2 protein chains.
Amino acid sequence: MERVDVRQSVLKENDRIAAELRADFEGRAIVCLNLIGSPGAGKTTVLEHTLQALSGGPRKIAVLTGDIQTERDAARLARFGFPARQITTGGTCHLDASMVWRALADIPLDGLDLLFIENVGNLVCPAAYDLGEEAKIVMLSVAEGDDKPLKYPSIFSRATLMLLHKMDLLPYTRFNPEAARADARRVNPGIEIIETSCDGAPGLSRWLEWIEARIAKRAATRAQAL
Amino acid sequence: MERVDVRQSVLKENDRIAAELRADFEGRAIVCLNLIGSPGAGKTTVLEHTLQALSGGPRKIAVLTGDIQTERDAARLARFGFPARQITTGGTCHLDASMVWRALADIPLDGLDLLFIENVGNLVCPAAYDLGEEAKIVMLSVAEGDDKPLKYPSIFSRATLMLLHKMDLLPYTRFNPEAARADARRVNPGIEIIETSCDGAPGLSRWLEWIEARIAKRAATRAQAL
């Protein structure tokens, strides 16, 4: 009983901070995307390719990347000219809103279009923690198996978008994309689905278009509000 | 502070039950193996192939398989003539010793040689929970990336054996097996490492030999004690 109470009060405090973050992001027209997936789903690599594609363009971007122990990912993500900060959780299996709050302390938010948060590699625990994001994005690699949407419904039901990733490996696996799509829609009828790969077709162009559409929509909403 | 206290008391209670389980397994000369890996690392598939290889042989085996929501895996694992029980955690991101205790209630332990416990797909949280097993086995698929031993050191440091799995996919990935081996040994100098695949070479023969050696050793220890 005590365990449940503590967990609920932790989540309540998290939600309070997340709501403040969300209000701040909305006020500044920042699109905040929370990337969640298993270890090795390809989160950091997709972010690398995304930052590379957007570098030199008009978009101002920042990245927070969560990890339990190492600072490797921030180093990988800092090479594209955008601020990138590591959040090292020291054993905790997910990011929470207070970690995001602290990590943003030295990142200038004015004029930012896009904030990527790469969560700790874990398909379970991060689903329960609101980080103030506009959308959760779940990444499922075709090397993982098509049964994951039903086995880990919590994250698939809360995600706005599923990236069906490493499509280049599809010919070498038993993964059935239609089954994965159908099961993802069973737990979340409204989920958007984009197939991606960082090594050959189909590439990331549809994902990049999806991001641009979110930024345009957010900017339009803000212009109306002003 | 309260959170830490509660977590520590939960772990202490878990360790108490795990110690009872371990004593029971040792008394009966049962080799208990706790399989831990990311979602999609290949845990259930390796167990399917292992049970198939051992079916019709002299070994008596039972399987517990943890999942958050579905009962799919027990159905997959029950086809080989050995008792298989699902532990559905209902949201919890790991198995604990009390779940194992309850799941064993209707499995006859007398004469059992081998108990497989397939943990929830998660490379983080299951590492902290002793289930009374003789050995933790961490599965790393080459589709996940070779940086995982340093990024998730807790499980790699506690595992007796690492299965470097889906080796058939190696030619299509950037995975560096030597880097993964070296990093696993950095966090755990004594870790054993076996390369496996369920789709072609190198197959599971070394893994099956490893299991047989554990059973033989456990039986010899018991014979000495009697």
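**Exercise 1. A salt bridge within one helix**

Task: Locate Arg16(B) and Glu13(B), and state how many residues separate them.

Solution.
- Step 1. Helix α1 of chain B, residues 2–27, holds both Arg16(B) and Glu13(B). They sit three residues apart, about one turn of the helix. The model is a predicted one.
- Step 2. Their side chains form a salt bridge, 3.0 Å from N to O.
- Step 3. Check the accessibility. Arg16(B) has 44% relative accessibility and is partly exposed. Glu13(B), at 38%, is partly exposed too.

**Exercise 2. A salt bridge between chains**

Task: Find which helices are linked by the pair Asp73(A) and Lys151(B), and decide whether each residue is buried or exposed.

Solution.
- Step 1. Start with the distance. The side chains of Asp73(A) and Lys151(B) form a salt bridge of 2.5 Å, N to O.
- Step 2. This pair crosses between chains: Asp73(A) belongs to helix α3 (residues 72–77) of chain A, and Lys151(B) to helix α5 (residues 148–151) of chain B.
- Step 3. Apply the cut-off: buried means under 20% relative accessible area. Asp73(A) has 0%, so it is buried. Lys151(B) has 6%, so it is buried as well.

**Exercise 3. A salt bridge across the sequence**

Task: Explain why the pair Glu134(A) and Arg218(A) ties together separate parts of chain A.

Solution.
- Step 1. Glu134(A) and Arg218(A) form a salt bridge, and their closest N and O atoms are 2.6 Å apart.
- Step 2. Place the two ends. Glu134(A) is in the loop between β4 (114–118) and β5 of chain A, while Arg218(A) is in helix α8 of chain A; the pair therefore ties together parts 84 residues apart in sequence.
- Step 3. Compare the accessibilities. Glu134(A) is partly exposed, with 23% relative accessible area. Arg218(A) is buried at 14%.
- Step 4. Put the pair in context. Over all chains, the whole structure has 44 salt bridges.

**Exercise 4. Strand β5 and its partners**

Task: Determine how many residues of strand β5(A) are buried, and which strands pair with it.

Solution.
- Step 1. Count the buried residues. Strand β5 of chain A covers residues 135–141, and seven of its seven residues are buried, so the rest of the structure largely encloses it.
- Step 2. Sort the side chains by direction. Ala135(A), Ile137(A), Met139(A) and Ser141(A) point one way from β5(A). Lys136(A), Val138(A) and Leu140(A) point the other way. All are buried.
- Step 3. Take one partner. Strand β1 (residues 31–37) of chain A runs parallel to β5(A), joined by five bridges. Here Leu35(A) stands opposite Ile137(A).
- Step 4. Take another partner. Strand β6 (residues 161–165) of chain A also pairs with β5(A) in the parallel sense, over five bridges. Leu163(A) in β6(A) is the bridge partner of Met139(A).

**Exercise 5. The surroundings of Trp207(A)**

Task: Identify which residues Trp207(A) touches, leaving out those up to four places away in sequence.

Solution.
- Step 1. Place the residue. Trp207(A) lies in helix α8 (residues 205–225) of chain A. It is buried, with a relative accessible area of 0%.
- Step 2. List the contacts. Trp207(A) touches Leu33(A), Val46(A), Thr50(A), Phe116(A), Ile137(A), Leu161(A), Leu163(A), Ile194(A) and Thr196(A).
- Step 3. Pick out the polar contact with Thr50(A). Its length, between the side chains of Trp207(A) and Thr50(A), is 2.9 Å.
- Step 4. Consider the sequence separation of one contact. Trp207(A) and Val46(A) are 161 residues apart along the chain, yet their C-alpha atoms are separated by 9.8 Å.

Definitions and conventions. Residues numbered from 1 in each chain as written. Chains lettered and ligands numbered in written order. Predicted model: local features only at pLDDT ≥ 70, side-chain atom pairs only at ≥ 80, totals over all residues. Heavy atoms only, no water. Buried < 20%, exposed > 50% of the residue type's maximum accessible area, 1.4 Å probe, protein only. Helix = DSSP H or I, 4+ residues; strand = E, 2+ residues; numbered from the N terminus. Pairing = 2+ DSSP bridges. Contact = heavy atoms within 4.5 Å. Polar contact = N/O pair within 3.5 Å; in protein donor to acceptor, adjacent residues only side chain to side chain. Salt bridge = Lys/Arg side-chain N within 4 Å of Asp/Glu carboxyl O.
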